[in-house]
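Here's a quick briefing to read alongside the structure. Have a look at the fold first, then work through the points below.

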Amino acid sequence: LEATGHWYWMVDEMESAGHRPHLANPTEAKKRMGKTNKTDALDAKGLAILLHNGTLPESWIPPGDLRDQRELLRTRMALRDLRSSLKHRIHAAIDRYGLHATGISDLFGVRGRVYIDRVLDQLPSHTASMIQMQLASLDQLEAQMEAIEERISAVLKPSPAVRLLRTVPGLGEILAPLVWLEIGDVSRFPHAENLASYAGLVPRIIASGGRIRHGGTCRNVNHYLKWGFVEAATCAVRLKAYRDSHIGRLYQRLQPAKGHGRAIVAVARHLAEASFWVLRKQQPYKPPAPKQV
């Protein structure tokens, strides 16, 4: 079957019936079939031929428990995005009426909430009412995220793999379980570079006529894993503890010429490859030894 958005239940049914499911990468499979027309019958026949020839591009099928546990972190990410969206809306509503919160770094901290309550009377009635409603929704989201984080801690914290990943710079209580669940069985990656590519942290190579240039990173990747490593890299380079470490020097070397974005992606790639070795060798993170000049 093709890796669509609703393959979980189909795989469960096939496995419970004693079959061995094969999850095909639809984009790559269509390239290999080379058919101009598309019907369900043609697709089924083409996938059967690829499977028979041993050329079917397959995607990894995580175990049922792992698929279920992934929903903890993915739901938290979705709630976090909703929280950020509400905060941006409240910020914009207050700024539209010139009521900038000068001297307050966090508009949603203790001082910030006091400030919002104070300026509500200065806003038009409907705008003030909508801000109050969004603040209530924000409080509900915070409570739900705390409940999810407690469940994550109870379910995933005892894992030896999570404890090992927390030795990688930037991977903490949330990002370490996220990386572990999204990687799954690390042995399915032949090399550390394959894991970095799966996480969307390796630039495309465009070579023609003896000229080689690097393009942007691929889009058909695990976006949860990519976000996790980029977030970990962003957090790590800001900490003084890592300023003189390998990742700090890597960022400082690339940032002036390449810019912040590409430098962070380079650090994130190092963290992805380091996570591969941490899980493969079952050893805590060790920074690379400095090159001998």
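A residue counts as buried when its relative accessible area is under 20%, as exposed when it is over 50%, and as partly exposed in between. By that yardstick, 37% of the 293 residues of the chain are buried. Keep in mind that this is a predicted model.

**The chain as a whole**

- You're looking at a chain with 12 helices and four strands.
- Measured out along the principal axes, the box filled by the C-alpha atoms is roughly 70 × 60 × 50 Å.
- Take the contacts in the chain with a separation of 6 or more: 59% of them are between residues 24 or more positions apart.
- The accessible surface adds up to about 18000 Å², and carbon and sulfur atoms hold 52% of that.

**Charge**

- The chain carries 41 positive and 28 negative charges, and the mean positions of the two sets lie 10 Å apart.
- Which residues gather in a patch of positive charge on the surface? They are Arg204, Arg211, Arg213 and Arg219.
- One of that group, Arg204, sits in strand E3, which covers residues 203-208.
- Is Arg204 buried or partly exposed? Its relative accessible area is 45%, so Arg204 is partly exposed.
- That value also fits the patch, because patch members need over 30% relative accessible area, and Arg204 has 45%.

**Pro190 and its surroundings**

- Pro190 belongs to the loop that links helix H8 (175-183) and helix H9 (192-198).
- With a relative accessible area of 54%, Pro190 is over the 50% cut-off and therefore counts as exposed.
- Exposed or not, Pro190 does have partners: leaving aside residues up to four places away in sequence, Pro190 touches Phe276 and Arg280.
- For a sense of distance, Pro160 is 30 residues from Pro190 along the chain, and their C-alpha atoms are separated by 22 Å.

**Gln282 and its backbone**

- Where is Gln282 found? Look in the segment after helix H12 (260-281).
- The phi angle of Gln282 is near 55°, which is a positive value in a residue other than glycine.
- Gln282 has 48% relative accessibility, which is under the 50% needed to be exposed, so Gln282 counts as partly exposed.

Technical notes:
Residues are numbered from 1 along each chain as its sequence is written. This is a predicted model: local features need pLDDT of at least 70, side-chain atom pairs count only at pLDDT 80 or more; totals for chains, interfaces and linings use all residues. Side-chain values use heavy atoms; hydrogens and water are left out. Helices (H or I, at least four residues) and strands (E, at least two) are DSSP runs, numbered from the N terminus. Buried means under 20% relative accessible area, exposed over 50%, partly exposed in between (1.4 Å probe, protein chains only). Contact means heavy atoms within 4.5 Å. Accessible areas come from the Shrake-Rupley method with a 1.4 Å probe; for residues, only the protein chains shown count as cover. Lys and Arg count as positive and Asp and Glu as negative; His and the chain ends are not counted. The place of a charge is taken as NZ of Lys, CZ of Arg, CG of Asp or CD of Glu. Patches are made of residues with over 30% relative accessible area and no salt bridge: like charges are joined within 9 Å, nonpolar side chains (Val, Leu, Ile, Met, Phe, Trp, Tyr) within 5 Å. A salt bridge is a side-chain nitrogen of Lys or Arg within 4 Å of a carboxyl oxygen of Asp or Glu.
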